[in-house]
Amino acid sequence: MSGTSLDLSWRHGGAPWGRWRGEPGPWPVIGALVVLSLVFQAINGNFLSADNLVNLTLQSASLGIITLGVVLVLLVGQIDLSVGAVSGLAAAVVAVGFVQQGWPLWVAVLAAVLLGAGIGGVYGLLTTRLGLPSFVVTLAGLLVAVGMQVRVLGSTGSVNLPYESWLVRFAQQTFLHPVASYAVVALVLGTYVGSRLLERRRRVEAELSAASLATVAGRAAVLAVVLLVPTWYLNTDRGVGAMVALFVGLVAVADLLLRRTAWGRSVRAVGSNVDSARRAGIAVRRVYVTCFMACTALAALGGVLSAGRLAAANQGTGGSDLNLTAIAAAVIGGTSLFGGRGSAWSAVLGVLVIQAISSGLTLLNVDSSVRYVVTGVVLALAVTIDAVSRRRSEAGGGTRR
Amino acid sequence: MTAETDHGLGPSSPPSTTVLSLRGVSHSFGAVRALVDVDLDVHPREVVAVVGDNGAGKSTLVGVMAGTIVPDAGELVVDGQELGLTSPGLARQLGIATVFQDLALCDDLDVVENLYLGQELRRGGVLDEVAMEREAWRVMSRLGARVPSVRAPVATLSGGQRQTVAIARALLGVPRVLVLDEPTAALGVTQTAEVLTTIERVRDSGHGVVLVSHNMADVQAVADRVVVLRRGRLNGDFDAERASYEDIIAAITGVSPPRRRRAPGEDA
Ligand SMILES: Nc1ncnc2c1ncn2[C@@H]1O[C@H](COP(=O)(O)OP(=O)(O)O)[C@@H](O)[C@H]1O
Ligand SMILES: [Mg+2]
């Protein structure tokens, strides 16, 4: 009854050529990244240089952290249009709190992130208790946050952070020592292989289909390449930025929470069908509130880091297109706008695509209008893939309420 | 809560042998009176069929038992204790397992994830996928289900397979009362027989079953008692052994028993 190991999906330890559960998986985004890289590299040989890629990863980190929050909110089938404004407000709170009010820096950072979480808590209460659509609530939140940002920054509208503060040093100049970076990679690989082998043994003992040792080895090899090649290449220049490591670490934690905990399962269930989730006994409101809070807290953290990277907070921080870029990145990375489908890693993939486009076009000295158009086209493609794959999996037989 | 417990155990209440009772349950949706003063007793080792026309209030009654609908009036009595059933989680804690008419599955989740939704097995703080998958295979094969994989998202399953998943979910964790709302609607002949066998097995292991059905053949096959709902009110409570098909149909439709109007000879 348990079937062959081909029944094993990739998500449950199977081989890449096993079942993909009807999802296109990350392949379209990875393909897009490869194509973009090759095109930009062909036009400008500097694109794939280690120096440019180090910059690209540094630019990705704070946007990526904001995108990770958006992924969580999209997974429960909601949206947060205010992440950019919340990140700008958080940047302002850190700068003003530290420089003008004389708070210890860690207090200012903590205050900014807690303020972000609090805003998400308000969104959660308004959507779950009053039944307001998150679209409108967060739009209102955007306006409020922008107003507060201007107010906090005061008349000058801009506050500089001292270069010697740890926040600026962390965001601008701190890189993992090469030895440390390889040690982290080795640790991750070791943990991965160990847990896979453990799971394999338990599955065999339970007489379930289990991945072959070759599959485990193959997956470990893929992971090794995916981790080692970028680490090595970045290390030929300045290395892996501390902020980049923080971003990837947060994504990994979010991924584990989503896939391995009951909370993560309830997030996907609520996004898939909230009525069914409620009747399965899930505390739906709590799931919504936690996702909104995590989203705005991550947005605030992203804002704090971008203040560190720019060594300043001003009225433009978190403004203009940041909201839409973060949402676009989440969708381009493969998280469904319809809820229930997606992965924390789509924050990494989506942000890399967005930053690749931006960095490549900057190298080509192209006007920013082109950047918007190209990003828009990629977003439209991503949404199309999302909608088509959803329709195809429904054609499999199920009826949707 | 404790005060109510005292009432339930007090001398005024008759010695309770029911696993689940509804007392004077009424519920309205706006102007629609879906349930009006309904009493229902479910005993151990008993299959109670609830039948009625479309819109008679059957699914509303199921919702009340499942904790998804908090009725305007009336109480539930579980094991002699009166309580307000305010959430689906509470109902399941009390051992009331429900198969909803729309199945209440999450399409993006696979079979295992749906089976254990809201009651996941854990091991050291994280989900125990291996144990859940093993149990999923066991309960699915006991129901004679043919699914391509328990790791297939339920969106890719056929109507009958989805229905089996919903029934399997209700059977996990050994419910005291199994409530099924039209459980065989999407099933073929073989699987219907499996479900009916399962219902009998649940009954024979000492539990109560509430079977809501349109299908009189199913009802006559497994029910011990047939309760008729008509426009939200109880309109008959029959012993399944003795009641005739015509009596039940008459109670459902509200016309007088056809036996009088149509003698056997008239058909020919
Ligand atoms: N959520 C709801 N909102 C409004 N009216 C409802 C709702 N659910 C059921 N009803 C109404 O209540 C009555 C009983 O419905 P239901 O319990 O689903 O009947 P049955 O399952 O016997 O077909 C019907 O008239 C139906 O239209
Ligand atoms: Mg119904």
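The exercises below, each with a worked solution, concern a predicted model.

**Exercise 1.** Determine how the axes of helix α3 and helix α5 of chain A are oriented to each other, and which residues make the contact.

*Solution.* Two packed helices are described by the angle between their axes and the distance between the axes. Begin with these two values: the axes of α3 (residues 83–100) and α5 (residues 134–153) of chain A come within 8 Å and cross at roughly 20°. Next, compare the angle with the cut-off, under which angles below 35 degrees count as roughly parallel; α3(A) and α5(A) are therefore roughly parallel to each other. The crossing of the two helices, α3(A) and α5(A), is left-handed. The contact itself is made on the α3(A) side by A:A85, A:V86, A:G88, A:L89, A:A92, A:V93 and A:V96, and on the α5(A) side by A:L142, A:A145, A:V146, A:M148, A:Q149, A:V152 and A:L153. Sorting these residues of α3(A) and α5(A) by class, one finds 12 nonpolar, two polar and no charged residues.

**Exercise 2.** Find which atoms coordinate the magnesium ion (ligand 2), and where in chain B their residues lie.

*Solution.* The first step is to name the donors, which are OG of B:S59 and OE1 of B:Q101, at 2.1 to 2.2 Å from the magnesium ion. The second step is to place them: B:S59 belongs to helix α2 (residues 58–66) of chain B, whereas B:Q101 sits in the loop between β6 (96–99) and α4 (111–115), so that the pair, 42 residues apart, links distant parts of the chain. The last step is accessibility, where B:S59 is partly exposed at a relative accessible area of 31%, and B:Q101 is likewise partly exposed at 44%.

**Exercise 3.** Decide whether A:T375 is buried or exposed, and list its contacts beyond its neighbours in sequence.

*Solution.* A:T375 lies in helix α15 (residues 368–395) of chain A. Its relative accessible area is 15%, and because buried means under 20%, A:T375 is buried. When neighbours within four places in sequence are left aside, A:T375 is in contact with A:I332, A:I354 and A:I357.

**Exercise 4.** State what is notable about phi in A:N365 and B:R45, and where each residue is found.

*Solution.* Most residues other than glycine have a negative phi. A:N365, although not a glycine, has a positive phi of about 60°, and phi of B:R45 is near 60°, also a positive value in a residue other than glycine. A:N365 is found in the loop between α14 (346–363) and α15 of chain A, and is exposed, with a relative accessible area of 72%. B:R45 lies in the loop between β2 (32–42) and β3 (46–52) of chain B, and is exposed at 52%.

Terms used. Residues are numbered from 1 along each chain as its sequence is written. Chains are lettered from A and ligands numbered from 1 in the order in which they are written. This is a predicted model: local features need pLDDT of at least 70, side-chain atom pairs count only at pLDDT 80 or more; totals for chains, interfaces and linings use all residues. Side-chain values use heavy atoms; hydrogens and water are left out. Axes are lines fitted to C-alpha atoms, for helices over the stretch in contact, and angles run from 0 to 180 degrees between N-to-C directions. Helices (H or I, at least four residues) and strands (E, at least two) are DSSP runs, numbered from the N terminus. Angles under 35 degrees count as roughly parallel, over 145 as roughly antiparallel, 65 to 115 as roughly perpendicular and the rest as oblique. A crossing is left-handed if the near helix is turned anticlockwise from the far one by less than a right angle, and right-handed if clockwise. Contact means heavy atoms within 4.5 Å. Ala, Val, Leu, Ile, Met, Phe, Trp, Tyr, Cys and Pro count as nonpolar, Asp, Glu, Lys and Arg as charged, and the others, Gly among them, as polar. Donors are N, O and S atoms within 2.8 Å of the metal (3.2 Å for Na, K and Ca); water is not among the atoms, so sites may look incomplete. Buried means under 20% relative accessible area, exposed over 50%, partly exposed in between (1.4 Å probe, protein chains only).
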